[in-house]
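Open the model in your viewer and keep the selection tool at hand. Each stop below names what to select and says what is there.

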Amino acid sequence: MSCQDSNCVTAIAEKVDAPDQPLPAVARRNGWLLLTPIPTVVVLLLAPAELPAWERMWLLAVAIYLGCKWLTWMDCSVRSTFSRNVAYWLLWPGLDAAAFLTLDSPATIAAPTVGEWILAAVKTILGAVLFGTAIRLADLPAALAVGWLGMLGMILLLHFGLFHLLSCWWRSRGVNAVPLMNFPSAARSVSDFWGRRWNSAFRDLTHRFLFRPLAGRIGPVWAVMCGFLFSGLVHDFVISYPAGGGYGWPTAYFLLQGSAIVLERSSLGKQGSLHRGWRGRTLAAVVLVAPIAWLFHHWFVENVVVPMLLALKEVG
């Protein structure tokens, strides 16, 4: 089934609340076991050595994302319609299966305002402009600058723009699909940034399947560090492996984030108000922004992002 045009999207959406036969509830089973081999299988079987690094990166990212989708879907016990399940897989990037699949959505879901629709559209357009500009400038000598412009445009276009538009669309239909991004620039602390404002999809996943199970066994401090270690390894796999360099830097970036959260929540951090006010915002700005080149290191920008921009420029 192809969903390349808006007609297909609309057709599925119109069936979301249709009286389909409900699917039986599914319980958690073999989730992690089924998640683990998917990226490896993609790399070994579908990604030949001559495949461009940027295509390998996208294959890995999509494979891991589908593995996460599978994990949340298998764990969800909500009875829903076939159409709503298809929509969860194909038309929503979030990873809170229970919220999205619940047919009787809570009355607390706020329908998007006109202003929110406009904001989401503006972010989409601005992201497209920045990404398009990076494509046009892809062959300039300043590869790092162009690559960063392309990444900024792509993140703004997808995560802040199109995904926000999808959230508005689903919420206008009464579906519990909150925006994945919640004004990250307004974060009051590192904890606030990662816990409430940045990419709620991945936060929901790690909190449910890593932090909560581990917190009771090894304590919340180590559970936090394990969650960020997992995030770092995933990003290393998607970023450093295709780039052929920079191994360990994305993991170091996420371990720094976890360490900052542990510091915020410690007695010393609370005494110094590192979790609130101007001190919390300052620590968040320093920890999140200053080492950003650890996450998106120059190997990734030069070997993955810029070649992708060049390939898109040739196509255009």
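In which loop is asparagine 199 found? Select asparagine 199: the loop between α9 and α10 (200-218) holds it. Here helices (H or I, at least four residues) and strands (E, at least two) are DSSP runs, numbered from the N terminus. Asparagine 199 is not a glycine, yet its phi is positive, about 45 degrees. Most residues other than glycine have a negative phi.

Two notes before moving on. This is a predicted model, in which local features need pLDDT of at least 70 and side-chain atom pairs count only at pLDDT 80 or more, while totals for chains, interfaces and linings use all residues. Residues are numbered from 1 along each chain as its sequence is written, and side-chain values use heavy atoms, with hydrogens and water left out.

**Stop: phenylalanine 183**

Select phenylalanine 183, in the loop between α8 (143-172) and α9 (190-197). Its phi is near 50 degrees, a positive value in a residue other than glycine. Is phenylalanine 183 buried or exposed? It counts as exposed, because its relative accessibility is 51%. The cut-offs for relative accessible area are under 20% for buried, over 50% for exposed, and partly exposed in between (1.4 Å probe, protein chains only).

**Stop: the whole chain**

Zoom out and colour by secondary structure. The protein has 16 helices and 0 strands. Of its 316 residues, 43% count as buried. Now take contacts (heavy atoms within 4.5 Å). Among those between residues at least 6 apart in sequence, 68% join residues at least 24 apart.

**Stop: glycine 127**

Select glycine 127 in helix α7 (residues 114-136). Glycine 127 counts as buried because its relative accessibility is 0%. Leaving out residues up to four places away in sequence, glycine 127 touches Gly153, Leu156 and Leu157. Draw a C-alpha to C-alpha distance to methionine 151: the two are 9.6 Å apart in space and 24 residues apart in sequence.

**Stop: α4 and α11**

Show helix α4 (residues 53-75) with helix α11 (residues 220-243). Their axes come within 8 Å and cross at roughly 165 degrees, which means that α4 is roughly antiparallel to α11. Axes are lines fitted to C-alpha atoms, for helices over the stretch in contact, and angles run from 0 to 180 degrees between N-to-C directions. Angles under 35 degrees count as roughly parallel, over 145 as roughly antiparallel, 65 to 115 as roughly perpendicular and the rest as oblique.

Show the side chains. From α4 come Ala53, Arg56, Met57, Leu60, Ala61 and Ile64, and from α11 Val234, Phe237, Val238, Tyr241 and Pro242. This contact has 10 nonpolar residues, no polar ones and 1 charged. Nonpolar means Ala, Val, Leu, Ile, Met, Phe, Trp, Tyr, Cys and Pro; charged means Asp, Glu, Lys and Arg; the others, Gly among them, are polar.

**Stop: α4 and α16**

Keep α4 and add helix α16 (residues 298-315). The axes are 8 Å apart, at an angle of about 100 degrees, so α4 is roughly perpendicular to α16. Ala53, Trp54, Met57 and Trp58 in α4 meet Phe300, Asn303, Val304, Pro307, Met308 and Ala311 in α16. The split is 9 nonpolar, 1 polar and no charged.

**Stop: phenylalanine 300 and the core**

Centre on phenylalanine 300. Beyond neighbours within four places in sequence, it contacts Met57, Met151, Ile239, Ala243 and Val305. Phe300 is also among the residues with the most contacts inside the largest nonpolar core, which has 61 residues. Such a core is a set of buried Ala, Val, Leu, Ile, Met, Phe, Trp, Tyr and Cys residues joined through side-chain atoms within 4.5 Å. Which helix gives the most to this core? α4 does, with 9 residues.
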